[in-house]
Amino acid sequence: MHKMPRAGILAPVSEWMISLKRIRQNLNKIVIMLGMTGLFSGFVWYGDWMDVQADEPVIVVIDPGHGGENLGAEYENYVEKEMTMIVADAMKEELEKYDGIQVYMTRYGDIETDMTLEERSEFAKSVNADFMFCLHFNMSEYHTLFGAECWISAFGEEYSKGYSFASVEMDLLQELGLYSRGIKTRLNKKGTDYYGIIRTATEREIPCVLIEHCHLDQENDKPFYDYDEKLKAFGKLDATAVAKYFHLRSEELGVDYSGYQNVEVPVPSGVVKPDSTETDVCMIEVLDQNMETGEVTVQVSAMDYDSGMLYYAYSYDNGETFSELQKWGDKSQDTITFTMQVPPHIVPQIVVNGYNGYDLYKTSNMISLPSMDYKTEEEIAEELARQEALESVAMEETPKKYKEVTYDVISEETAQDNMSLSYFLTVCGVCALLVLGMVYSMILILRSRKRRRRRRRY
Ligand SMILES: [Zn+2]
């Protein structure tokens with residue numbers, strides 16, 4: 001057994017000395033023990049503080065874009081301010097099913113007078129918002145663009161938080177089936193955030209994301225907004241993104257996002273500039289030309305060092321006309337291959353426009369190909385139809401024509417036969433007349449002989 005030193009008032013001085021020596025030997029252990037205790041108490045205190053923090057509800061502001069006289073984008077029967085309101089109402093309703101969240105809206109229903117962007121941000125500030133979500137639908141000048149995108153502040157913590165939330169939002173929008181146009185910043189001429197709502201919110205240190213759900217003027221996106229129920233689905237999706245980002249729980253919905261991992265985005269030291277230059281590289285190569293069908297297989301190698309590739313469009317007439325925009329597809333790939341249909345009887349001159357993440361493009365090299373004289377399906381169909389029409393007309397007209405033809409032929413032959421017949425009949429007639437003449441003269445001779453005999457008798 002190990003002998004423990006006895007420390008006491010009555011203990012002899014030598015034992016005191018030994019104890020002190022031992023304490024000194026174990027001093028570092030004691031320091032470590034004290035340190036550990038301190039640290040543990042710190043954790044307990046921090047945990048309590050976090051619990052207090054967790055009790056504070058998250059405050060979010062939903063901003064349904066536009067309103068009043070400001071209609072936003074308009075196309076066919078779609079009006080942006082009405083669509084954003086439907087999404088916002090659904091988003092609020094869904095978010096309120098979660099615990100620990102307080103939801104405000106910058107407008108409830110349509111508004112009489114236009115609400116400025118400054119007023120909207122000021123409202124968010126007045127309720128002490130942790131985040132503002134601005135709901136929008138997009139439209140492009142030539143109705144060519146499609147897909148969803150998020151705009152965020154180019155500065156500091158608002159950039160970092162904005163990017164982190166937008167990553168959750170974009171993931172969900174892509175899961176829904178929309179094409180991602182990315183998470184982007186945009187600056188005005190003064191070098192501050194271009195979008196007023198983001199600029200004014202950032203000035204008030206409120207993180208703010210402008211969600212452009214999709215394009216309301218494009219066939220590719222139409223299946224996502226053509227019914228109110230689909231707009232409500234956008235609202236639910238936005239709410240789910242918020243719930244994930246803030247690690248919320250909902251008993252009603254039976255979901256718990258407390259373990260959700262947000263994308264960690266470091267706070268940038270400077271401004272995160274948008275891409276202002278066109279695609280860096282865009283080259284094409286023709287892999288195959290099918291002379292029978294007119295199909296041409298093209299490989300595009302394109303790169304954009306700032307914002308990556310987003311779309312491409314192809315042309316067979318050296319850029320006079322282009323196809324609709326096509327998805328770049330896998331954005332991590334620099335090379336894509338596609339097959340295009342080239343019409344016959346022209347000299348194909350192939351070019352491709354490669355678009356970057358900011359819709360800026362570069363036109364590729366041009367490749368001239370030999371003309372293809374295959375028949376298109378339409379041409380084949382037309383030809384068939386023409387043949388059938390001819391045949392049916394022939395069938396209808398054949399008996400008449402045949403008669404005409406035979407009549408004509410017969411009449412020619414008959415003319416010749418008639419000629420020889422009349423000749424024959426004439427000859428016969430002449431012969432008959434001759435025979436008749438001879439018979440008649442014979443009768444006359446015989447009669448005159450009889451008379452002469454009778455005269456001789458008398
Ligand atoms: Zn808008």
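Start with helix 6: its buried residues are I197, I198, R199, T200, A201 and T202. That makes 6 of its 8 residues buried, so this helix is mostly covered. Keep in mind that you are looking at a predicted model.

**What sits around helix 6**

What does the covering of those buried residues include? Among the elements are strand 1 (58-64), helix 4, strand 5 (131-138) and strand 6 (148-152), along with helix 5 (156-176) and strand 8 (208-215).

Helix 4 deserves a closer look. The axes of helix 4 (residues 117-126) and helix 6 (residues 196-203) come within 8 Å of each other and cross at roughly 40°. The crossing of this pair is right-handed. On the helix 4 side, the residues that meet helix 6 are L117, E118, R120, S121 and A124, and their partners in helix 6 are G196, I197, T200 and A201. In general, an α-helix has 3.6 residues a turn, so residues three or four places apart point the same way. You can spot that kind of spacing here with R120 and A124 in helix 4, and with I197 and A201 in helix 6, which are among the residues at this meeting place. Once helix 6 is over, E205 follows with a positive phi near 60°.

**The core**

Now zoom out a bit. The largest nonpolar core has 84 residues, and the members that touch the most others are M132, F133 and V209. Helix 7 (residues 228-245) gives this core its largest share, 8 residues. The core also draws at least three residues from each of domain 1 (54-256) and domain 2 (281-368). Nonpolar side chains do tend to be buried together in soluble globular proteins.

Which residues does M132 contact, once you skip its neighbours within four places in sequence? They are V61, D63, A124, A201, I206 and C208. Two of these names should ring a bell: A124 of helix 4 and A201 of helix 6 both turned up where those helices meet.

**The whole chain**

The protein chain has 8 helices and 18 strands. Of its 458 residues, 30% count as buried. Take the contacts between residues at least 6 apart in sequence: 72% of them join residues at least 24 apart.

**Some loop residues**

Here are a few residues from loops, with the number of other C-beta atoms found within 10 Å of each.

| Residue | C-beta atoms within 10 Å | Status |
|---|---|---|
| P274 | 16 C-beta atoms | P274: partly exposed |
| D110 | 12 C-beta atoms | D110: exposed |
| H247 | 16 C-beta atoms | H247: partly exposed |
| H345 | 11 C-beta atoms | H345: exposed |
| V271 | 16 C-beta atoms | V271: partly exposed |

Why is D110 exposed while P274 is partly exposed? D110 has 12 other C-beta atoms within 10 Å, and exposed goes with 12 or fewer. P274 has 16, which falls between that limit and the 20 needed to be buried, so it counts as partly exposed.

P274 sits in the loop between strand 10 (255-256) and strand 11 (281-289). P274 and L187 are 87 residues apart in sequence, yet their C-alpha atoms are 7.2 Å apart in space. Leaving out residues up to four places away, P274 touches K184, T185, R186, L187 and Y358.

V271 is found in the loop between strand 10 and strand 11 too. Its C-alpha atom is 9.1 Å from that of Y159, which is 112 residues away along the chain. Beyond four places in sequence, V271 is in contact with A154 and F155.

D110 belongs to the loop between strand 4 (101-105) and helix 4. Its C-alpha atom is 7.8 Å from that of M85, 25 residues apart along the chain. Setting aside neighbours within four places, the contacts of D110 are G67, G68, K81 and M85.

The two histidines in the table have another quirk. Most residues other than glycine have a negative phi. H247, in the loop between helix 7 and strand 9 (249-250), has a positive phi of about 55°. H345, in the loop between strand 15 (335-341) and strand 16 (349-356), has a positive phi of about 65°.

**How far to trust it**

The chain averages a pLDDT of 85, and 80% of the residues score at least 70. Over residues 1-14, pLDDT stays under 50, and the model has 8 contacts there beyond four places in sequence. Residues 37-53 also stay under 50, with 0 such contacts. Where pLDDT is low, the predicted coordinates should not be read in detail.

How values were computed:
Residues numbered from 1 in each chain as written. pLDDT = per-residue confidence, 0-100. Contact = placed C-beta atoms within 7 Å. Core = buried A, V, L, I, M, F, W, Y, C linked by C-beta atoms within 7 Å. Helix = DSSP H or I, 4+ residues; strand = E, 2+ residues; numbered from the N terminus. Domains from an automatic or database assignment. Axes fitted to C-alpha atoms, helices over the stretch in contact; angles between N-to-C directions. Left-handed = near helix turned anticlockwise from the far one by under 90°.
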